[in-house]
Amino acid sequence: MNIDKRILPELREAYSQFPGFQLEGDLEWSRGLVSAPPVKRSEQVNMTSRKIPGAAGEMLVKIYEPARRNVDKLPAMLWIHGGGYVLGHPDMDDELCERFVQTARCVVVSVDYRLAPEHPYPAAIEDCYAGLVWMTEKAESLGIDANRVAIAGASGGGGLTAALALMARDKGGPSIIFQMPLYPMLDNRNITPSSHEITEDGAIWNRTDNLAAWNMYLGEENDASAISPYAVPSRAENLAGLPPAYTCVGQLDLFRDETIEYVTRLAQAGVDVEFHLYPGCFHLFEGLVPEAEVSQRAVQSYMDAMARALHS
C-alpha cells in the first residue's frame, strides 16, 4: 500500500529519506541505523551506569535521577528501549529518559536486555523482569518509592512492557501501578489489516521487518499454535488485574490494529486505559521528527500521563 500521500506534510521528508532496515540481509548495519547520536546532557539530570545481576550474568542498566533532589524517595519508572527485539541500546533513549525524569519527577532505570537472534525468547523478558526486581529490591539505596513504580517502552520495548506487566501479575510482584506500552509489538501472527498495509521498502517498520524480527526472536516457536503470552502478549487470554495503561500509535503504523485490539481487550477486562491514534503518522514518527507539532504533542501527552500516574 502506498502511504506517502497520507503522511502529514511535516513528516514526509524524514520518511522519504529513511533507508529502511535489512534485518536478514545485514543485521549489524541495521543496528547501526538506531545507534545513538551524541546528545547534549541535561544539567538537571544525573545519569549513572551500573552492572546488575541479569537473568544470565551481569546486565547494564542506566539510572537517571534529578540532579537536585528535595525528597528522600521518588517514584520510579523502568524504561525498555525499542528495536523489534533485535535492535537498540539504552544509549539511544538518553534524552527521552532525561525528559521523563524532569516531567514526571521520577527516577528512571533503563535496561540493556539481551537481543535476538543471538539471545532469543525468553532472554529479553527475563532480563526485563530481573531489572524490575532489582530496582524494587534496591529501592532504599536508589531513593525509590517501591509503591510507585511504573513500566514503559516503545515498539519492541512496548511489547516487552506488556509482557512484563503480565509476568509481574502472574508471579505476584513486584507491584506496578502503571504501564505504558507505546505503539507496541504484540502479535507474531501478522494477520491484521495494518500488518498487510505497511509493505513498502524503506518504510520505518514494514511487514518484511516484522516477519524477520519475530522469526529471530521466537525461532522455531514462531510457528507454534500455543505460545506464551510473555513472548507474544496478544496471546494472553486473561488481561484482568493488570495495571492501568496508556498507549498511542500512528494510523500509518503496522502495529495500529494489534494496538487497538489490545487496548480494547484491556478496557473490556476492566483495566483503565488511555489511547491516542495519530492520523498521518508512521512508526516512530515522534522520534524521527521531534520538531514536528504532532510529535511534540504526542510526546508531551505521554509524559503528562506518566506524571499523573506517578503522582496521583
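**Cavity, pockets and ring pairs in a predicted model**

A search of the whole structure turns up 1 cavity of 30 Å³ or more. Keep in mind that this is a predicted model. The largest cavity holds about 30 Å³ of space.

What lines it? Start at the low numbers: Ile-3 and Tyr-15 are in the lining of the largest cavity. Then come Ile-198, Ala-203, Ile-204 and Trp-205. Leu-252, Asp-253 and Leu-254 are there too, along with Phe-282 and His-283. By class, that lining splits into 9 nonpolar residues, 1 polar and 1 charged.

Next, the pockets. How much space lies in the largest pocket? About 1,100 Å³. Its lining counts 39 residues. Nearest its centre you find Met-92, Asp-93, Glu-286, Gly-287 and Leu-288. Three elements give two or more residues to this lining: helix 3, helix 10 (285-288) and helix 11. Helix 3 provides the largest share, 6 residues. The classes here are 21 nonpolar, 11 polar and 7 charged.

The second largest pocket has about 220 Å³ of space. Its lining includes the run Pro-66, Ala-67, Arg-68, Arg-69 and Asn-70. Gln-44 and Leu-74 also line this pocket. So do Val-101, Gln-102, Arg-105 and His-311. The split is 4 nonpolar, 4 polar and 3 charged.

On to the aromatics. A pair of rings is described by the distance of the centres and the angle of the planes. The count comes to 10 aromatic pairs. Take Phe-21 with Trp-205: edge-to-face, 5.7 Å centre to centre, 70° between the planes. This pair links distant parts of the chain, 184 residues apart. Phe-21 sits in the loop between helix 1 (9-17) and helix 2 (27-33). Trp-205 sits in the loop between helix 7 (193-197) and helix 8 (207-218). Both Phe-21 and Trp-205 are buried. And we have met Trp-205 already, in the lining of the largest cavity.

Second example: Phe-100 and Tyr-302. Their rings are stacked, at 6.3 Å centre to centre with 25° between the planes. Why does this pair tie together parts that are 202 residues apart in sequence? Because Phe-100 lies in helix 3 (residues 94-104), while Tyr-302 lies in helix 11 (residues 293-311). The cut-off for buried is under 20% relative accessible area. Phe-100 has 0% relative accessibility, so Phe-100 counts as buried. Tyr-302 has 2%, so Tyr-302 counts as buried as well.

There is also a cluster. Which residues form it? Tyr-85, Tyr-121, Trp-214 and Tyr-217. One charge over a ring to mention: Lys-171 lies over the face of Tyr-129, 5.4 Å from the ring centre.

Back to helix 11 for a moment. Val-299 lies in that helix. Is Val-299 buried or exposed? Its relative accessibility is 9%, so Val-299 counts as buried. Val-299 and His-81 are 218 residues apart in sequence, yet 15 Å apart in space, C-alpha to C-alpha.

Last, the annotation. An unreviewed UniProt entry gives "domain: Alpha/beta hydrolase fold-3" for residues 77-285. Over residues 77-285, the chain is 37% helix and 18% strand. The end C-alpha atoms of that stretch are 23 Å apart.

Note on methods. Residues are numbered from 1 along each chain as its sequence is written. This is a predicted model: local features need pLDDT of at least 70, side-chain atom pairs count only at pLDDT 80 or more; totals for chains, interfaces and linings use all residues. Side-chain values use heavy atoms; hydrogens and water are left out. UniProt positions are given in the numbering used here, feature names are shortened, and annotations may be inferred rather than shown by experiment. Helices (H or I, at least four residues) and strands (E, at least two) are DSSP runs, numbered from the N terminus. On a 1 Å grid over the protein atoms alone, a cavity is a set of points where a 1.4 Å probe fits but cannot get out, and a pocket is an open set with protein on both sides within 12 Å along at least five of seven lines; lining residues have an atom within 4 Å of a point. Grid points are joined across faces, edges and corners, and a volume is the space filled by probe spheres set on the points. Ala, Val, Leu, Ile, Met, Phe, Trp, Tyr, Cys and Pro count as nonpolar, Asp, Glu, Lys and Arg as charged, and the others, Gly among them, as polar. Rings of Phe, Tyr and Trp (its six-membered ring) pair if their centres lie within 6.5 Å; planes under 30 degrees apart count as stacked, over 60 as edge-to-face and the rest as tilted. Buried means under 20% relative accessible area, exposed over 50%, partly exposed in between (1.4 Å probe, protein chains only). A charge sits over a ring if NZ of Lys or CZ of Arg is within 6 Å of the ring centre and within 35 degrees of the ring normal.
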